[in-house]
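Visitor: I would like a close look at one part of this model, followed outwards into its surroundings. Please take your time over it.

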2 protein chains.
Amino acid sequence: MDKFFLEKADINTPKLFEKEVTSAKTVKIVPDESAFFGVRTEDAGELDRIFHPGDRFILDFGDHCVGYLSFRLRHADRYLDAPVRLRLRFGEIPYELSREFSDYHGGLCASWLQEDIINVDFPEIVRLPRRYCFRYLEVTVLYTPRDVMLSDFSVRCVTSADRSRLKPLPAGIDPELAAIDRVAAKTLEDCMQTAYEDGPKRDRRLWTGDLRLQALTDHYLFGNNALARRCLYLFAACEEDGKFLPGCLYQKPAVFYDDMQMPDYALLYCAALCDYYEFTKDTETAKDLFPTAVRQTKLACSLIGEDGVIHSVVGWCFIDWAPNIRTCAPLQGVLMYTLEKMAALAEALGENSIADEFINTLELSRKAAYQVLFDKEKSAILSPSDDYQYSVQAQAWMILGGALIGEEGKAALTHALASGDSVKPVTPYMHHYVVEAMMKLGMKEEALSYIKSYWGSMVKHGADTFWEAYVPGNPDVSPYSDIIMNSYCHAWSCSPSYFIRRYFAEA
Amino acid sequence: MDKFFLEKADINTPKLFEKEVTSAKTVKIVPDESAFFGVRTEDAGELDRIFHPGDRFILDFGDHCVGYLSFRLRHADRYLDAPVRLRLRFGEIPYELSREFSDYHGGLCASWLQEDIINVDFPEIVRLPRRYCFRYLEVTVLYTPRDVMLSDFSVRCVTSADRSRLKPLPAGIDPELAAIDRVAAKTLEDCMQTAYEDGPKRDRRLWTGDLRLQALTDHYLFGNNALARRCLYLFAACEEDGKFLPGCLYQKPAVFYDDMQMPDYALLYCAALCDYYEFTKDTETAKDLFPTAVRQTKLACSLIGEDGVIHSVVGWCFIDWAPNIRTCAPLQGVLMYTLEKMAALAEALGENSIADEFINTLELSRKAAYQVLFDKEKSAILSPSDDYQYSVQAQAWMILGGALIGEEGKAALTHALASGDSVKPVTPYMHHYVVEAMMKLGMKEEALSYIKSYWGSMVKHGADTFWEAYVPGNPDVSPYSDIIMNSYCHAWSCSPSYFIRRYFAEA
């Protein structure tokens, strides 16, 4: 790994802000057919402080928390002459705690499900060393020799977001938008740690695709430029010759990455660098990282075939969690979107020949994509593979890449969204680019109503933070085959605040 | 609590010596009908360092350990992209790990069974914060996203015993005695922490009865006078007007005691003070604590009825874990044993009128006990209750109290031990006083053979440290209805080293 870049990343490590959140409010989780996940909470009164073996309660902390739990454990009547064993389970949403974790049947490792069994040897303030991510805490008293008092439950919440920098929305703003913005800002806040994490419950990694949307949105919320800078340097440190950047990296115990090339995410790294320069005009950082971004962009260009179209990818091209999504056409959109931004950055840095080269490639690619992939009958770009897949993802990215424009672009996107045949987005991440495509085509009204309908309905379903995956009307969508593994505070879902604050924050 | 005494206790808090013990030796636990507990270990080779979900192994650390476990957890081939969840179970003896702890059916709280489930979020050196007490460690890999490497298992053992002070036994000593002494010394060493704990696996409290035997034996082993002093002050701090001292106390989170008066243990507190003065001639401490000891002795004297015999007790008179043991006669023995020692201490401190008073009471009590309780037909002291219980415990304590002497004493003890009718000792603690009674009667040969037969057979059964309860031929004896709850390193079982080093350590 590049030591210079690692050092730059290191000196930009943010301090974490801390906030205590306490709760003595208990709830029950009860079935409710009208609730999105089939359950809701019901008030169960103030925390009874005295517990017997087998007792169980659920505390509601009132909002999503990322941090360190502590509580007080004391004897009630007589001294506790043996350890007290407690089971703690944490849920971001009530549904998680309505399930037994032992029934988990998904693909990812079950250890992500937030459960700990602890033994408390002496009555004391118990401080748990692990960071948890939750609003709801279930405590089960597995063993206690005598009645035990449990009280003073508190979470030391941590974030690198400075809430004091958050500008209030105009007083008269549409309350629906205000509510969406609040949840989006909280989502980003809780994902902002020593890097932009994808989800603080699970994974907790820095992914390029998430980074791009987080840094973009953060510019309009907390403005933590140092954090964006740190993350950009971290990825650059992990570049290997002739390879796409790793899709994600780990910070602990030391900076580390796995061998996972992701061409679309590598391009969005370049886009994130362009955003960063646009917002900060920080030439030093831009110059440090420009060569990496150029190499990544050129590497993606090398995927373009002789007919000017991408026919196959290298590594894992993500695009969206939609099952069986064909990624070549969307990837070409991502590439063109990036080429346009990179050309502008090159020009700003005085790298005119690179700028010219990228503009040239971009124009050829736009033409070729349209000529080779546009299907007149469907009025849409189809993927260049055997099954000619028709997807919203391809239309959105081809619009963002400039291969579909104007009324034809509007029609392609609108029809794809309405069609019964097309592959639809599954993640708020992909929905972001649908909205961005609308904005590019001047469909401001449609974009606004799309945000209200998509993210707004999560708010109506009680989301404190936006979810990793969401398909209206279908609560069973999980990339991991079991929705208790889903992250319910996911970085890539925070971008409504970007749209609201950039375009829709008039009174 | 008395602040002056607490401060004195505090300044005598010992430092703990640390020693690293490592292991990479794995064993299997296999059935063996010839083994006392029905199982034995079998070598299973060096620790295989790479593990998959569901794998399980048992490490043998080679000797009993009290301390803090650490180990190294790393990825094998690919990075661990989720927490690793491990179950750890600790056993002092192999039998504990041959059982599922969920099958425990005893009376004490199951939380004492040493089990922890831990989640390791990042590959690292894992250091467990709790103190464990074990020779055998079972590790089960509950969840890991990928192959995991586990290695460098190490225990930071702690004790306040300074092993450098332990004098070697004479070179030509009977190897059977040397083996018993080694196990006894290890037992005491592992129970010596910031107080003389009764058992480091479970309870971990300072009990007066255990303190007395520990301090007595420690004088001949590690000579930690400050620790004895600390413990004596701790109990004195807990004295309440007109009450027997609490039977035990806790040190954490602060010095604390429960409302449990124990007359026999309170008297043995006085005996321990007398021992302490005898060994140290520390007049300052003796004078500080003498008034407490006098009050406790007099309180016990007040239990003597008009006929000169104790007919009922206050609180919990322990004597032994033998089921349904009648405690009045043994208690009177304990009282007389203490009166004799207290009279000597009073005289040494110049408190002659107290000395005279105690001698006077002692003589009356001896006469009355013999007259009222000695049964000519059985040639034994019987308990002064409806069922006239015949017990070894009563004979031993009446000998130690001087009510049974000479040949009549020898006959009473010998017959009680051999009789099919008598209640027999269950604990090494009570067996200590049987041996002490033999020594008082000059039965040195019998005492030696008793030690070899009782404690020696535990050594033959593979004991690394002496057990809390032991009845030869009966592996099912437990005060708690399930032998996995028993402590297999119990302070009150350490006293063979006292007898060996004081009386039998000739070459």
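Guide: With pleasure! The helices and strands named here are DSSP runs numbered from the N terminus, a helix (H or I) having at least four residues and a strand (E) at least two. Please keep in mind that this is a predicted model.

Let us start at A:Glu363, a residue of helix H9 (residues 352-373) of chain A. With a relative accessible area of 43%, A:Glu363 is partly exposed, because that value falls between the limits of 20% for buried and 50% for exposed. From A:Glu363 to A:Glu340 the separation is 23 residues in sequence and 9.6 Å in space, C-alpha to C-alpha.

From one charged residue we can move on to charged pairs. Over all chains, a search of the whole structure finds 88 salt bridges. One of them joins A:Arg40 to A:Glu42, with 3.6 Å between the closest N and O atoms. Both partners are partly exposed: A:Arg40 has a relative accessible area of 35%, and A:Glu42 has 32%.

Now compare a pair in another setting. A:Glu138 and A:Arg89 meet through their side chains in a salt bridge of 2.8 Å, N to O. A:Glu138 belongs to strand E9 (residues 132-143) of chain A and A:Arg89 to strand E6 (residues 84-91) of chain A, so this pair ties together parts that are 49 residues apart in sequence. A:Glu138 has a relative accessible area of 1% and is buried; A:Arg89, also at 1%, is buried too.

Chain B offers a pair of its own, B:Glu115 and B:Arg87, whose closest N and O atoms are 4.0 Å apart in a salt bridge. Here strand E7 of chain B holds B:Glu115 and strand E6 (residues 84-91) of chain B holds B:Arg87, so parts that are 28 residues apart in sequence are tied together. B:Glu115 and B:Arg87 are both buried. Back in chain A, salt bridges with shared partners link A:Arg56, A:Arg87, A:Arg89, A:Glu100, A:Glu115 and A:Glu138 into one network.

Next, the place where the chains meet. Contacts there involve 31 residues of chain B and 31 residues of chain A. The area buried between them is about 2,900 Å², with 55% of it from carbon and sulfur atoms. More than any other three residues, B:Tyr79, B:Ser111 and B:Arg130 contribute to the area that chain B buries against chain A, supplying 19% of it.

Charged pairs appear here as well: eight salt bridges are found across the interface of chain B and chain A. B:Arg146 forms a salt bridge with A:Asp258, at 3.1 Å between the closest N and O atoms. Across the interface there are also 18 residue pairs in polar contact. On the side of chain B that touches chain A, strand E7 (residues 115-120) of chain B gives the most, with four residues. That side is made up of 15 nonpolar, four polar and 12 charged residues.

Finally, the interior. In soluble globular proteins, nonpolar side chains tend to be buried together. The largest nonpolar core has 158 residues, and those touching the most other members are A:Tyr196, A:Leu206, A:Met342, A:Leu345, A:Met398, A:Tyr433 and A:Trp467. Beyond its neighbours within four places in sequence, A:Tyr433 is in contact with residues including A:Arg212, A:Leu268, A:Tyr337 and A:Trp397. Another core, apart from that one, has 157 residues, including B:Leu166, B:Cys238, B:Val309 and B:Ala447.

Methods: Residues numbered from 1 in each chain as written. Chains lettered and ligands numbered in written order. Predicted model: local features only at pLDDT ≥ 70, side-chain atom pairs only at ≥ 80, totals over all residues. Heavy atoms only, no water. Contact = heavy atoms within 4.5 Å. Buried area = accessible area lost by both parts, 1.4 Å probe. Polar contact = N/O pair within 3.5 Å; in protein donor to acceptor, adjacent residues only side chain to side chain. Nonpolar A, V, L, I, M, F, W, Y, C, P; charged D, E, K, R; others polar. Core = buried A, V, L, I, M, F, W, Y, C linked by side-chain atoms within 4.5 Å. Buried < 20%, exposed > 50% of the residue type's maximum accessible area, 1.4 Å probe, protein only.
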